[in-house]
Amino acid sequence: RWRRTAHLLRSGEWVGCSTSNQPVLLTRCFRLPCNKIGDQGAVALAVVLEMNRTLTTLLLDDNKIGDEGAKMLASALEKNKALMQLRLGNNKFGGNGATALGAALEMNRTLTQLELNSNKIGDKGVAALAVALEKNTALTILLLCYNTIGDKGATALAAALEKNTALTSLFLDHNGISDEGASALGAALESNSALVYLYLNSNKIGD
């Protein structure tokens, strides 16, 4: 199955799917949510992603991708120069996978939207993403809801926002951020002129 997928993506013939998750011909977008591809499928897609120069959107939500799969996708992002949107929500990778994605963002200059909701990134993974945000000048939208992010992670993001000039939307809903993390983020906004939307719904922030 994944050899067939890889062949079609490499040749540029198959870059999408219908609402029933059956392959169809689309342009520049490959949708594969809810297919349980796991790390094995992610590795196969990563190999192709390194070479592909036309795909701009890759949707891999809810696919049981763990740290190994995330690492391989991150490695591909370091070389890919076309992808603009990557969705990896509701998978199974944690801080190690997020750390690899952070390293990739330091090198990648085309990805503008990254969705990582509902994983297990935690403060460790967010810290790595924050380091990348200090240097990255392409990413404009970052979604990190439901990721057990606490004040340490929020403080790391705040430090990154003081230097970042590209990010316009940051989603941190449903985490464990309290007044300490919120205060750090608020202070960062005093020197940040790019961020337009900051979402902190359902955290532990007081009145």
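This report describes the sheet, the helix packing and two unusual loop residues of a predicted model.

The chain has 207 residues, of which 53% count as buried, and its secondary structure comes to 7 helices and 9 strands. Among contacts between residues at least 6 apart in sequence, 83% join residues that are at least 24 apart.

**The sheet**

An open sheet is formed by 7 strands, which follow one another in the order β3-β4-β5-β6-β7-β8-β9 with parallel pairing. Its edges are given by β3 (29-31) and β9 (197-199), each of which pairs on one side only. Averaged over the sheet and with direction ignored, neighbouring strands are turned by 0 degrees against each other. Within this arrangement, strand β6 (residues 113-115) and strand β7 (residues 141-143) pair in the parallel sense over 3 bridges, and Glu-115 stands opposite Leu-143 in β7.

**Helix packing**

Two helix pairs, α2 with α3 and α3 with α4, are set out below.

| Helix pair | Angle | Axis separation | Residue classes in the contact |
|---|---|---|---|
| α2 and α3 | about 5 degrees | 8 Å | 8 nonpolar, 2 polar, 5 charged |
| α3 and α4 | about 5 degrees | 8 Å | 8 nonpolar, 2 polar, 3 charged |

For the pair α2 and α3, the angle is about 5 degrees, and the two helices are therefore roughly parallel to each other. On the side of α2 the contact is made by Asp-39, Ala-42, Val-43, Ala-46, Leu-49 and Glu-50, while the residues that α3 contributes include Asp-67, Glu-68, Met-72, Leu-73, Ala-76 and Lys-79. By class, this contact has 8 nonpolar, 2 polar and 5 charged residues.

Helix α3 (residues 67-79) also packs with helix α4 (residues 95-107), again at an angle of about 5 degrees and with the axes 8 Å apart, which means that α3 is roughly parallel to α4. Here Asp-67, Ala-70, Lys-71, Ala-74, Leu-77 and Glu-78 of α3 meet a set of α4 residues that includes Asn-96, Gly-97, Ala-100, Leu-101 and Met-107. The residues of this contact divide into 8 nonpolar, 2 polar and 3 charged. Asp-67 of α3 takes part in the contact with α4 and is also listed in the contact with α2; Leu-77 likewise appears in the contact with α4 and in the contact with α2.

Helix α4 has 13 residues and reaches 19 Å from its first C-alpha to its last, close to the 18 Å expected at 1.5 Å a residue. Its buried residues are Gly-95, Gly-97, Ala-98, Ala-100, Leu-101, Gly-102, Ala-104 and Leu-105, and the buried residues of α4 pack against α3, β6 and α5 (122-135). Of these, Gly-97, Ala-100, Leu-101 and Ala-104 are among the α4 residues that meet α3.

**The loop between β3 and α2**

Most residues other than glycine have a negative phi. Two residues in one loop depart from this pattern: Cys-34, whose phi is near 55 degrees and thus positive in a residue other than glycine, and Lys-36, which has a positive phi of about 55 degrees although it is not a glycine. Cys-34 has its place in the loop between β3 and α2 (38-51), and Lys-36 lies in the loop between β3 and α2 as well. Lys-36 counts as exposed because its relative accessible area of 63% is over the 50% cut-off.

Notes: Residues are numbered from 1 along each chain as its sequence is written. This is a predicted model: local features need pLDDT of at least 70, side-chain atom pairs count only at pLDDT 80 or more; totals for chains, interfaces and linings use all residues. Side-chain values use heavy atoms; hydrogens and water are left out. Two strands pair if DSSP finds at least two bridges between them. Helices (H or I, at least four residues) and strands (E, at least two) are DSSP runs, numbered from the N terminus. Axes are lines fitted to C-alpha atoms, for helices over the stretch in contact, and angles run from 0 to 180 degrees between N-to-C directions. Angles under 35 degrees count as roughly parallel, over 145 as roughly antiparallel, 65 to 115 as roughly perpendicular and the rest as oblique. Contact means heavy atoms within 4.5 Å. Ala, Val, Leu, Ile, Met, Phe, Trp, Tyr, Cys and Pro count as nonpolar, Asp, Glu, Lys and Arg as charged, and the others, Gly among them, as polar. The expected span of a helix is 1.5 Å times one less than its number of residues. Buried means under 20% relative accessible area, exposed over 50%, partly exposed in between (1.4 Å probe, protein chains only).
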